[in-house]
Every structure is written in structure tokens, then in C-alpha cells.
Amino acid sequence: MHLPRKPRIKSSTHVYHVMTRGINRQTIFEDETDKYKYLSILKRYKLEYQFELYAYCLMDNHVHLLIKEPENTTISEIMKRINISYVFWYNKKYERTGPLFQDRFKSENVDSLPYFRTVLRYIHQNPLKAGIETSVFQCKWTSIKEYLSPPYIIDTEPVLKLFSPNKEEATEILKTFMKEENEDECMDDIPKLTDQEVQKVLIELGVGNKSEIQRMDKVNRNKILLKLKNMKGVSNNQIARLTGISKSVIQRLK
């Protein structure tokens with residue numbers, strides 16, 4: 001029995017952070033030619049549907065987009081057309097059949113200006129966080145270069161205006177913003193536990209509040225932190241926030 005899917009909640013700004021990945025996390029881009037093809041398909045449907053695109057990042061097995069839904073269609077229809085076109089081409093090239101992408105793309109609403117900036121940076125820093133690149137400006141398969149030179153597919157103007165009405169000044173502010181270290185978390189792949197659920201676990205482990213875990217000896221404290229860290233749906237940021245222990249300490253725990 002298949003339960004009906006919940007309809008996506010509409011973004012008040014019509015802006016969405018979209019992520020689509022390979023089925024079973026498999027590779028969707030075998031080489032650079034595949035990535036160029038995906039971008040050409042993206043451009044084709046951008047012209048057809050007249051949607052605005054603010055950022056992209058192509059990883060080997062998934063894609064991030066920051067996109068504004070146009071009046072004439074839905075984000076679902078756009079992603080369906082893009083993915084079908086790419087799969088048709090990919091299957092023909094690699095002499096394969098069947099689906100390539102996970103059945104349904106993931107999306108989150110981008111309803112505020114601060115969160116728009118967060119997602120913009122998160123998408124462009126994706127290769128850094130994956131350990132593939134060391135500089136946000138050296139990432140070949142993100143849209144960052146389109147903000148620094150004439151754009152190919154990205155609507156840079158409305159984004160730059162969010163940083164400054166002066167284009168040169170806006171570009172410098174954007175460059176600084178993109179280099180900033182951060183704890184940005186967007187659209188995790190695993191269901192997130194709420195703070196209340198994590199606090200309940202802490203209580204079960206004998207920790208009533210922040211000061212209790214901070215007063216513990218390192219060995220016992222780290223045992224508890226590691227238990228939390230190994231739980232699905234709990235992020236390092238969340239553990240740091242609820243325990244008052246530095247995120248860098250939590251990251252080092254194994």
C-alpha cells in the first residue's frame with residue numbers, strides 16, 4: 001500500500017533550495033562532459049520556463065540549486081523536465097536503462113533574506129565541506145565564478161543588490177561572505193531530531209542541564225557526546241548548542 005505524498009509547502013518568496021541525487025547515491029556525473037550537458041539542459045529549461053536561478057553546485061552524485069519558481073509552472077514540473085532530459089541523454093551515452101535519480105527531489109523553502117544568504121553560501125561551499133576543494137573560488141562546478149565574471153546561467157544582479165546597490169562593492173562583500181567559516185546547515189539528508197528529543201536523551205544519560213556535562217571529567221563527558229554524535233538525526237551544531245561544549249571538540253571525537 002502506497003501512502004499519498006504530502007504536497008510541498010509553498011515558499012512565501014517562491015524561492016527554494018533544491019537537491020536531487022542519484023538513486024542509491026550512485027554517481028550521476030561520470031566526467032566533465034556530463035556536467036556540461038546538465039548545465040546546458042538547465043539553461044534550456046531556464047529559457048523555456050523563465051525561472052530565476054541564483055546558485056548551483058554539481059557534485060558527482062547530487063546537485064544543489066537555488067531557484068525561484070516562476071508564475072507559469074511549479075518547481076516540481078521544472079525538476080521533472082530537467083531530470084528526464086538528462087537521464088535520457090545519460091542512458092543513451094552509457095547504454096543503460098532505468099532511473100538515475102532518486103524518485104523525488106528534496107527541497108526546502110527559503111523564506112527570509114538571512115536564510116537566502118545562508119543557502120547561497122552553503123551551496124557554494126559544498127565542495128569544501130566535502131573535502132574536494134580548499135577554496136570556494138577554485139570550485140569549477142559551482143556558480144561562484146558567475147558572480148565574478150559575466151554570467152552564463154545565473155541571475156547575479158538581484159543577488160548582488162542584496163549586498164550593496166553598488167555592483168563592485170557588492171562583489172567584494174560577497175567574496176568576503178563566501179570565505180567566512182561558518183556552521184551553516186541546510187537540508188540535512190537525515191531526519192532531524194528536535195532539541196526536546198535530544199534533551200530527553202541527555203536526561204536518560206544522566207545529564208539534566210549544560211552545567212552538569214561541563215563539570216564532568218573528560219572521559220565520561222566524551223562518552224556521552226559520542227553517543228549523541230552517533231545518533232541519526234543529531235548534528236554537531238545541535239550537540240554544541242545543547243551542551244555548551246565547543247563544536248570543534250565534538251568534531252574531533254571518534
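Let's start with a pair of helices: α3 (residues 113-129) packs against α5 (residues 167-179) at an angle of about 65°, and their axes sit 9 Å apart. That angle makes α3 roughly perpendicular to α5. Keep in mind as you look around that this is a predicted model. The crossing of α3 past α5 is right-handed.

Who does the touching here? On the α3 side you'll find Arg117, Thr118, Leu120, Arg121, His124 and Gln125, and they meet Leu174, Phe177, Met178 and Lys179 of α5. Sorted by class, this contact has 4 nonpolar, 3 polar and 3 charged residues.

Leu120 is a handy one to follow inward. Setting aside its neighbours within four places in sequence, Leu120 is in contact with Leu174 and Met178, and also with Tyr54, Ala55, Leu66, Tyr147, Val159 and Phe163. Leu120 also turns up in the largest nonpolar core, which has 53 residues; along with Tyr38, Leu42, Leu65 and Leu66, Leu120 is among those touching the most other members. In soluble globular proteins, nonpolar side chains tend to be buried together.

Where do the residues of this core come from? At least two each are supplied by β1 (15-21), α1 (32-49), β2 (52-58), β3 (62-68), α2, α3, α4 (156-163) and α5. The largest share, 7 residues, comes from α2. Apart from this core lies another one, of 15 residues, including Leu202, Val207, Ile224 and Ile245.

Back to α2 for a moment, since a polar residue there deserves a look. Helix α2 covers residues 75-93, and Asn83 is found in it. Is Asn83 buried or exposed? Its relative accessibility is 11%, and the cut-off for buried is under 20%, so Asn83 counts as buried. Leaving out neighbours within four places in sequence, Asn83 is in contact with Thr20, Tyr38 and Phe101. Tyr38 is one you've already met, as a member of the largest nonpolar core.

Now on to another helix pair. Helix α6 (residues 195-204) and helix α9 (residues 236-243) pack at an angle of about 65°, with 11 Å between their axes. The crossing of α6 past α9 is right-handed. From α6, the contact uses Asp195, Val198, Gln199 and Leu202, while α9 brings Gln238, Arg241, Leu242 and Thr243. By class, that contact has 3 nonpolar, 3 polar and 2 charged residues. Leu202 ties this pair to the other core, being one of its 15 residues.

Note on methods:
Residues numbered from 1 in each chain as written. Predicted model: local features only at pLDDT ≥ 70, side-chain atom pairs only at ≥ 80, totals over all residues. Heavy atoms only, no water. Axes fitted to C-alpha atoms, helices over the stretch in contact; angles between N-to-C directions. Helix = DSSP H or I, 4+ residues; strand = E, 2+ residues; numbered from the N terminus. Parallel < 35°, antiparallel > 145°, perpendicular 65-115°, else oblique. Left-handed = near helix turned anticlockwise from the far one by under 90°. Contact = heavy atoms within 4.5 Å. Nonpolar A, V, L, I, M, F, W, Y, C, P; charged D, E, K, R; others polar. Buried < 20%, exposed > 50% of the residue type's maximum accessible area, 1.4 Å probe, protein only. Core = buried A, V, L, I, M, F, W, Y, C linked by side-chain atoms within 4.5 Å.
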